[in-house]
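Q: Got a minute to walk through this one with me? I'd like the sheets, the pocket and any odd backbone spots.

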Amino acid sequence: MNRGRFLAVLLGGATVLLIAIGTLWPSKSAAIYAGSGGFLESAATPEAAVRNLGEELRESAWQRAYDGLANKTQFTEQKFVYDLMGYYPNLRTYATVDKYEVRPLRASATDAEVELKIYWATVVGPAPDTRVLRVVKNGNVWQPEWPMEKQPLLPPQVIPVNYLRWDVIYRGAGDDWGAQDVESPHVRIVDMHPVERADGVVIMGELLNEDVVPAAVSVNATLLSKKDQSPIATEGSFDKISHLLLPKQVTPFLIRFPNVSLSEVGSIRMTPFSSLVSASADPVIEIQDEHLNPAPDASVTGQLTNQSGQIVNVAHVLGTFYDKSGNLVWVADQYVDRALLPQTPVPFDIHIPEDLARKVSTERTVVATYVSGGARG
């Protein structure tokens, strides 16, 4: 009995001691997961100060990040958050910081420049944002200055609109229009190529709305086995397509089948889908200064300018690449993670895989837009 009491007292004392040690000297990982209000490491170097800022952004600890800035008197915390997330709803509105990278550029005894690359995790994948921060020494610690991006100031103006618009009126419960509503638009796959990549099979092609009305479109592909024509897998073109096509418009599409070898495939069943939707030709997005940049680091770059008077929340840029004979080589895309303001150019940069870049001779770029209340073509 005495031995049991002694063991209980010993275990209780050890527990109290461990709690005290954990409170006084918490590990770095524990501080991170607990959301500690202090710096995660001593800001004794410029790189450490920027790493602390990156960690606070990763935790969405906006106030702590703002309080640690050397130039916070130049702007409010709300403007700091707007600069990170955007002033208008966009891809970053509901995004979080997945990871960050810190790279020193230069340093002196009193100030330094450090590059902070932030990777936002959005609903359509990572969206990187690179900032070059000036870091200043304040006593024994370093503090970063946040480089606020200047927002364009648009003068009050009237922008006339003159665009096509299609409205759809469906048969109501009390209408006697027969058994059918308006039929779905006629769409057709005009090109399709399967290729094998390192991560599996890719089906790419182009889809045409050959009707005189707008169509909401998508494409499914089913791979059939070479042995017995049984289905291997079915996938759809979720984001590598423009889902709204006006009359006679063409969209590229790309469908991925991870972990599948082309040698297993005997045939492919393609299924396009379409439905009639109300649509308009506004907003108009103009592509300016478009360039096809050769390898290495091949890409297509340019600027998007919103010619309308409404704010575009998300812009999706799709590039279709062809060889000298006009054959389809690749389909790539980029989502612009900031809202497009009227008359304000925004850059885009679509990467082309290095092994395909030398085959590319020409390209075609289309832009799909998403505004509050629905998608626009």
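A: Sure. One spot to begin with: Pro296 sits in the loop between strand 14 and strand 15 (299-306). Keep in mind that this is a predicted model.

Q: What is the peptide bond from Ala295 to Pro296 like, cis or trans?

A: That bond is cis. Its omega is near -5°.

Q: And which residue does a cis bond join to Pro283?

A: Asp282. Omega for the Asp282 to Pro283 bond is about 10°. Pro283 lies in the loop between strand 13 (279-280) and strand 14.

Q: Strand 14 keeps coming up. Where does Glu286 fall?

A: Glu286 is in strand 14, which covers residues 285-293.

Q: How exposed is Glu286, by relative accessible area?

A: Partly exposed, at 34%. For scale, buried means under 20% and exposed means over 50%.

Q: How far is Glu286 from Gln343?

A: Their C-alpha atoms are 9.8 Å apart. Along the chain, the two residues are separated by 57 positions.

Q: Switching to sheets. What is the strand order in the three-stranded one?

A: The order is 6-7-11. The sheet is open and the pairing is antiparallel.

Q: Which strands stand at the edges there?

A: Strand 6 (187-197) and strand 11 (250-258). Each has a single partner strand, so one side of each has no neighbour in the sheet.

Q: How much are neighbouring strands of this sheet turned against each other?

A: By 20° on average, ignoring direction.

Q: How many bridges pair strand 6 with strand 7?

A: Ten, in the antiparallel sense. Strand 7 runs over residues 200-209. Strands 6 and 7 make a hairpin, with two residues between them.

Q: Can you give me actual partners? What stands opposite Glu196 in strand 7?

A: Val201 is opposite Glu196. Another pair is Arg188 with Leu208, the latter in strand 7.

Q: What holds paired strands together in general?

A: Strands of a sheet pair through backbone hydrogen bonds, in parallel or antiparallel fashion.

Q: Now the sheet with four strands. What order?

A: 1-2-3-4. This sheet is open too, with antiparallel pairing. Strand 1 (96-107) and strand 4 (141-145) are the edges, and each has a single partner, so one side of each is left without a neighbour in the sheet. On average, neighbouring strands are turned by 30° against each other, direction ignored.

Q: How many bridges join strand 3 to strand 4?

A: Five, and those two strands run antiparallel. One residue pair is Val136 with Gln143, where Gln143 is in strand 4.

Q: On to the pocket. What volume does the largest one have?

A: About 1,200 Å³.

Q: What lines it, and which residues lie nearest the centre?

A: The lining has 43 residues. Nearest the centre of the pocket are Gln334, Tyr335, Val336, Asp337 and Pro347.

Q: Which strands supply at least two residues of that lining?

A: Strand 3 (125-138), strand 17 (328-336) and strand 18 (346-351) each do.

Q: How does the lining split by class?

A: There are 22 nonpolar, nine polar and twelve charged residues.

Q: Let's do helix 3. Why call it largely enclosed?

A: Ten of its 13 residues are buried, so the rest of the structure largely encloses helix 3. Among the buried ones are Pro46, Val50, Leu53 and Leu57. Asn52, Glu55 and Glu56 are buried as well.

Q: What span should helix 3 have, at 1.5 Å a residue?

A: 18 Å for the 13 residues, 46-58. The end C-alpha atoms are 19 Å apart, which agrees.

Q: What happens to phi just after helix 3?

A: Ser60 takes a positive phi there, about 60°.

Q: What about phi of Gln229, positive or negative?

A: Positive, near 60°, and Gln229 is not a glycine. Gln229 is in the loop between strand 8 (215-225) and strand 9 (231-236). With a relative accessible area of 39%, Gln229 is partly exposed.

Q: And Asn259? Where is that?

A: Asn259 is in the loop between strand 11 and strand 12 (265-276). Asn259 has a positive phi of about 60°, again without being a glycine.

Q: Is Asn259 buried or exposed?

A: Exposed, at 75% relative accessibility.

How values were computed:
Residues are numbered from 1 along each chain as its sequence is written. This is a predicted model: local features need pLDDT of at least 70, side-chain atom pairs count only at pLDDT 80 or more; totals for chains, interfaces and linings use all residues. Side-chain values use heavy atoms; hydrogens and water are left out. Two strands pair if DSSP finds at least two bridges between them. Axes are lines fitted to C-alpha atoms, for helices over the stretch in contact, and angles run from 0 to 180 degrees between N-to-C directions. On a 1 Å grid over the protein atoms alone, a cavity is a set of points where a 1.4 Å probe fits but cannot get out, and a pocket is an open set with protein on both sides within 12 Å along at least five of seven lines; lining residues have an atom within 4 Å of a point. Grid points are joined across faces, edges and corners, and a volume is the space filled by probe spheres set on the points. Ala, Val, Leu, Ile, Met, Phe, Trp, Tyr, Cys and Pro count as nonpolar, Asp, Glu, Lys and Arg as charged, and the others, Gly among them, as polar. The expected span of a helix is 1.5 Å times one less than its number of residues. Buried means under 20% relative accessible area, exposed over 50%, partly exposed in between (1.4 Å probe, protein chains only).
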